Amino acid sequence: MAPASLSWCLSAALALFCGSPWRPAHSALAPENEVPLRPTTWVPEGKITSVVLPKGRTRRLYFTLMKKAPALSVTVSPCDLPIEWSLAARTLKDRPLKSLQWSTKKSTPEVWWRGPGTEEKMHSFTGNAVNSYEGPPHPRATIYTLRLRAQQHSTRATVYLHVGRGPSGAFPLLPSDPRVHTLGVGMTSVTLSWAPSASLTGLPQTQKSYDYCVLANSRRNYPSLCAARVSAGREKEQKGEKRQEARRRRITAWPILKEWWWQQWDSYPEPRTPPSSLAGLQCACQGTESVCTVSELLPDTQYYFDVFVMDRLNGTSAAYEGTFARTHEEARAAVVALREGELRWVTFGDGGSGSARFFSFRPRGWQQSGLLTLQSCAGGEKVTVTVSSKGQVLTSQAVGGDLVHIWLRGSQSYLIHLEGEGSTANPVLPEGLAASVKMQASSAYHRKEVPSLPSTLQIKSFNRLRGCNTVTLAWMGTEERSLYCVYRRKLGERDAEAGGASALTAPCLGPESRSDTERVLCKYFQELNPRRAVTTAVIGGLEPETAYVFDVYLMRRWGIPVMYASKMVKTRREC
């Protein structure tokens, strides 16, 4: 007995995991009139029935009518995908006897199917739009069969049965012109209008059971609220698809058994009422007004707009014919071409916020290389420079009081974008300019790197060498041969007594903004050893017991001149 029992268990396991030898009840080889053994789904009158439609399987729903019913209407509302549905009336020659001993495995419609009779198709439809059959009942029908089938993928639909003449009142009414019109299109907003629904206009003001809902998206128009809700849920699923798949693999220990069980007919109870109409959705406009302005949109983007009229009491909705519009693109700022070696002051205006300036530069030479030098002229202002080429951002960085060097190479032209925030007026700038940035672009076709800068920008004066008419200054240079120019500025008694930063020269004031009378001397200097790159200058022709401010500028062929920190020196009274 033990070997026989073991053999039987192995045979059962192989049949379960490798395929059952018995054909499923819903096999495609079964005849159309053969009703599988499954619970019967009856369509109640005056209630919305939600139906799950698995791909490739026909769902049947049944209903009967009372005698002398004046008329009937069946409304089928697909969710998001096209479906096929048909309504048929079956007439039986002999009605089953009430005293017939029913088998526990047979449902009432199944027994009627097996009896002799004829079937007549009354209506059929294919698509994803809401469709209804309205007409008189069949004169000799015993039972009505509603068949629904998903064409592409598994989906869901709702069925509503109404017995009697006239509208059922379960669905909102659409106007004769259900189109959504575009009144105006802006850069970040679109204004829509539509004809009012008769369901709203026919109600008293005290009764507010209907609302409009406007949905906006950048993908497509939706035929129903259910389709919009499914699309929103699908996006959430895609975001966590990998995480859900890993979790599903851990939980599903018997994938073959689960697949076999899923292919059986659905025996779980289906919801009789649909979920909340706005579950997972956010209306751009909601209310009873037939005009809506959808704001906070992106410029130069195509959007699709859908309008739905909702019945909050019955949980139903009707969709207008959606529309689409493309928002206007942002106003393109003027792009100024920078000339070779041109020193430009870029101002952002007094009290401006969020200002932007655009420039373009084309380096000379076949190497297509250049040097961009910038310096901010206001300590409290935030300035950002972004360099791009052919739509690709090459670099983006902040610009401060220190010189910023950006090496340009590999492109024929560059787009330079300066963005300033919180600009404030700076009284020390020439001609009352607002906070600004100094910028210069130069071709550097024979250079391989950014020019070197001195190790320090401090100026030193020698007290022992300070006289009544002369002072001696020293500063650090570079290993490159460069020109250094010294400027002086005489201070008044008040400025000399105050001293400090107020008496010093603004760091953005370059040689171009200084008078020729202030220039004392210019000299070339070069030292290959950076540690010994120190040069000195004796400044004569000064007045005794007088304070002077001395400025040294490193004049370069490429880039903005480098200004050393100002140095205030006072000559002796007696020598």
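What share of the 575 residues in the protein chain is buried? In this predicted model, buried residues make up 40% of the chain. The chain contains 7 helices and 33 strands, and the structure holds 4 disulfides. Three of the links are described below, after the overall figures.

**Chain as a whole**

- The accessible surface of the protein chain is about 33,300 Å², and carbon and sulfur atoms account for 51% of that surface.
- Among contacts in the chain with a separation of 6 or more, 78% are between residues 24 or more positions apart.

**Cys-79 and Cys-226**

- The sulfur atoms of Cys-79 and Cys-226 lie 1.9 Å apart and form a disulfide.
- This link of Cys-79 and Cys-226 is left-handed, with -90 degrees about the S-S bond.
- Cys-79 sits in the loop between strand S3 (72-78) and strand S4 (83-92), while Cys-226 belongs to helix H4 (residues 225-239), so the disulfide ties together parts that are 147 residues apart in sequence.
- Cys-79 and Cys-226 are both buried.

**Cys-213 and Cys-283**

- A second disulfide joins Cys-213 to Cys-283, with an S to S distance of 2.0 Å.
- The link of Cys-213 and Cys-283 is left-handed, at -100 degrees about the S-S bond.
- Because Cys-213 is in strand S11 (residues 210-217) and Cys-283 is in the loop between helix H6 (255-262) and strand S12 (285-287), this pair connects parts that are 70 residues apart in sequence.
- Cys-213 is buried, and Cys-283 is buried as well.

**Cys-485 and Cys-522**

- Cys-485 and Cys-522 also form a disulfide, and their sulfur atoms are 2.1 Å apart.
- The link of Cys-485 and Cys-522 is right-handed, with 115 degrees about the S-S bond.
- Cys-485 lies in strand S28 (residues 482-490) and Cys-522 in strand S29 (residues 519-525), so the disulfide ties together two strands at positions 37 residues apart in sequence.
- Cys-485 has 5% relative accessibility and therefore counts as buried, since buried means under 20%.
- Cys-522 has 37% relative accessibility and therefore counts as partly exposed, as this value falls between the cut-offs of under 20% for buried and over 50% for exposed.

Terms used
Residues are numbered from 1 along each chain as its sequence is written. This is a predicted model: local features need pLDDT of at least 70, side-chain atom pairs count only at pLDDT 80 or more; totals for chains, interfaces and linings use all residues. Side-chain values use heavy atoms; hydrogens and water are left out. Helices (H or I, at least four residues) and strands (E, at least two) are DSSP runs, numbered from the N terminus. Buried means under 20% relative accessible area, exposed over 50%, partly exposed in between (1.4 Å probe, protein chains only). Contact means heavy atoms within 4.5 Å. Accessible areas come from the Shrake-Rupley method with a 1.4 Å probe; for residues, only the protein chains shown count as cover. A disulfide is a pair of cysteine sulfur atoms within 2.5 Å.
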